[in-house]
Amino acid sequence: MQHQSKLPNVGTTIFTVMSALANEYNALNLSQGFPNYPSSQKLNDLVTAAMNNGYNQYAPMAGNLDLRLVISNKYELLYNSTYHPEKEITVTAGATQAIYNIVSAFVRPNDEVIIFKPAYDCYEPAVEINGGKAITIQLSAPDYKVNWEEVASKITSKTKMIMINSPHNPSGTIWSAADMLQLQKLTKDTNIIVLSDEVYEHIIFDEEQHQSVCLFKDLKQRSFITASFGKTFHNTGWKVGYCCAPEYLMSEFRKVHQFNVFSVNHPAQKGIADYMQDAETYLGLNSFFQQKRDLFLSLISESRFKFKPSKGTYFQVLDYSEITDEYDLDYAKRLTKEFNIASIPLSVFNEKGKDDKVLRFCFAKTDETLIKASEILCKI
Ligand SMILES: Cc1ncc(COP(=O)(O)O)c(C=O)c1O
């Protein structure tokens with residue numbers, strides 16, 4: 001029997017491709033976005049304690065209440081913004097499930113969803129499988145600045161949703177308050193839903209402030225925030241995240257969530273809830289990663305790669321245009337095979353494979369790995 005694929009354009013993700021190549025050539029793997037050091041022993045112990053204390057059956061559909069309470073407190077503390085723990089916060093199987101769920105709950109066939117490129121790779125397939133149409137807006141290296149007139153020109157009566165992501169993977173750029181105000185102005189008096197992917201909210205550098213949608217009153221009323229504990233607590237393999245939204249949006253979200261996963265890993269939720277009682281567990285992340293970014297950049301400052309320091313996320317984009325004019329995917333593969341260092345070419349996140357001659361390196365790595373990586377990069 002033959003079936004027509006619902007996602008004919010989707011192949012193996014670049015992360016799998018580059019990690020497999022890194023393994024084959026025994027290369028340093030700075031491609032995929034995950035730490036190569038352990039998650040906190042205290043957090044591991046709290047999850048173990050949760051298992052030993054009986055948190056081994058289904059969690060409530062919306063998530064463990066202790067966790068939703070501590071998430072709600074975080075929004076009060078950081079943004080002076082209220083999300084009701086029972087009605088406006090849902091714990092998810094990572095941000096990926098939250099994103100898929102939001103799109104599934106609202107996007108109908110022929111609805112348009114505006115996506116800024118380069119974009120994280122799970123956005124477009126979620127739209128496509130639900131019959132929606134991705135309307136892309138291509139941003140360019142090195143600043144990835146949004147032209148708001150272009151955004152205005154893409155909004156139509158069919159626009160159902162706009163997906164945004166700051167701090168931004170893969171570019172390491174952030175949106176300013178002025179950007180958020182533009183978005184607020186453009187969507188005012190419309191029915192457009194904003195999906196704000198804020199998984200790197202706690203990884204922002206140089207004293208910059210994260211501009212969450214919840215800081216902008218009108219925007220908050222139409223927005224979902226998606227978040228990931230995997231990013232915040234160095235354990236991407238646990239796949240626990242959450243989303244927040246006003247009640248009228250969240251109640252629709254839960255109709256899908258209930259039959260998609262129903263509920264999420266219970267002991268991890270309880271352990272994270274106990275761990276987060278101390279706000280330093282997430283507030284200390286900026287300086288932890290800024291030290292890694294600064295170490296990496298100072299060590300490669302004499303190399304032939306050009307860069308603008310990452311403003312957020314744990315990714316640094318390096319421009320290799322002074323070294324070669326090879327297509328970025330070919331160059332990333334060659335670096336892995338010949339120089340034993342793996343990265344991610346940005347063209348895979350772009351419209352029609354647009355090539356700005358830049359590669360993304362993940363610096364969520366031990367200092368030892370970063371030192372080794374920079375030694376290689378300086379020899380190129
Ligand atoms: C921008 C962005 N959104 C969402 C995700 C997915 O997060 P999770 O692992 O919690 O599903 C990632 C992971 O790399 C990401 O970079």
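Q: In this predicted model, over which ring does the charged end of Lys 220 sit, and how far is the charged end from the ring centre?
A: Let's start with a charge and a ring. A charge counts as sitting over a ring if NZ of Lys is within 6 Å of the ring centre and within 35 degrees of the ring normal. The charged end of Lys 220 sits over the ring of Tyr 83, and its distance from the centre is 4.4 Å.

Q: Which residues are linked with Tyr 83 into a cluster by ring pairs?
A: Tyr 83, the ring under the charged end of Lys 220, also belongs to a group of aromatic residues joined by ring pairs. Its partners in that cluster are Tyr 75, Tyr 79, Phe 229, Phe 233, Tyr 242 and Tyr 275.

Q: Over the ring of which residue does the charged end of Lys 74 sit?
A: Here is another charge placed over a ring. The charged end of Lys 74 is 5.8 Å from the ring centre, and the cut-off for this arrangement is 6 Å. The ring belongs to Tyr 282.

Q: Are the rings of Phe 205 and Phe 363 stacked, edge-to-face or tilted?
A: The aromatic pairs come to 23 by count. For Phe 205 and Phe 363, the ring centres are 6.2 Å apart and the planes stand at 40°. Planes under 30 degrees apart count as stacked and over 60 as edge-to-face, so with 40° this pair is tilted.

Q: How many residues apart in the chain are Phe 205 and Phe 363?
A: Phe 205 is in the loop between strand E6 and helix H8, while Phe 363 is in the loop between strand E12 and helix H15. Phe 205 is buried at 0% relative accessible area, and Phe 363 is buried at 0% as well. The pair links distant parts of the chain, with a separation of 158 residues.

Q: Is Asp 206 buried, exposed or partly exposed?
A: Asp 206 is in the loop between E6 and H8. Its phi is positive, about 60°, although the residue is not a glycine. Relative accessibility is 29%, and values between 20% and 50% fall in the middle class, so Asp 206 counts as partly exposed.

Q: With which side chain does Ser 212 make a polar contact of 3.0 Å?
A: Ser 212 is also placed in the loop between E6 and H8. At 0% relative accessibility, Ser 212 counts as buried. The partner at 3.0 Å is the side chain of Glu 198.

Q: Which residue precedes Pro 142 across a cis peptide bond?
A: Pro 142 is found in the loop between strand E4 and H6. Tyr 144 is placed in that loop between E4 and H6 too, with a positive phi near 55°. The bond leading into Pro 142 is cis, with omega near 0°, and the residue before the proline is Ala 141.

Q: Which helix gives the largest share of the shell around the ligand?
A: The shell divides into five nonpolar, five polar and three charged residues. Of the 13 residues around the ligand, those that come nearest include Thr 96 and Asp 197. The largest share, three residues, comes from helix H4.

Q: What percentage of the area that the ligand exposes when taken alone does the protein bury?
A: Oxygen atoms of the ligand lie 2.7 Å from polar side-chain atoms of Tyr 200, Lys 231 and Lys 239. Taken alone, the ligand exposes 400 Å², and the share buried by the protein is 93%.

Technical notes
Residues are numbered from 1 along each chain as its sequence is written. This is a predicted model: local features need pLDDT of at least 70, side-chain atom pairs count only at pLDDT 80 or more; totals for chains, interfaces and linings use all residues. Side-chain values use heavy atoms; hydrogens and water are left out. A residue is near a molecule or strand if one of its heavy atoms lies within 4 Å of it. A polar contact is a pair of N or O atoms within 3.5 Å; within protein, one must be able to donate a hydrogen and the other to accept it, and residues adjacent in sequence count only if both atoms are side-chain atoms. Accessible areas come from the Shrake-Rupley method with a 1.4 Å probe; for residues, only the protein chains shown count as cover. Helices (H or I, at least four residues) and strands (E, at least two) are DSSP runs, numbered from the N terminus. Ala, Val, Leu, Ile, Met, Phe, Trp, Tyr, Cys and Pro count as nonpolar, Asp, Glu, Lys and Arg as charged, and the others, Gly among them, as polar. Rings of Phe, Tyr and Trp (its six-membered ring) pair if their centres lie within 6.5 Å; planes under 30 degrees apart count as stacked, over 60 as edge-to-face and the rest as tilted. Buried means under 20% relative accessible area, exposed over 50%, partly exposed in between (1.4 Å probe, protein chains only).
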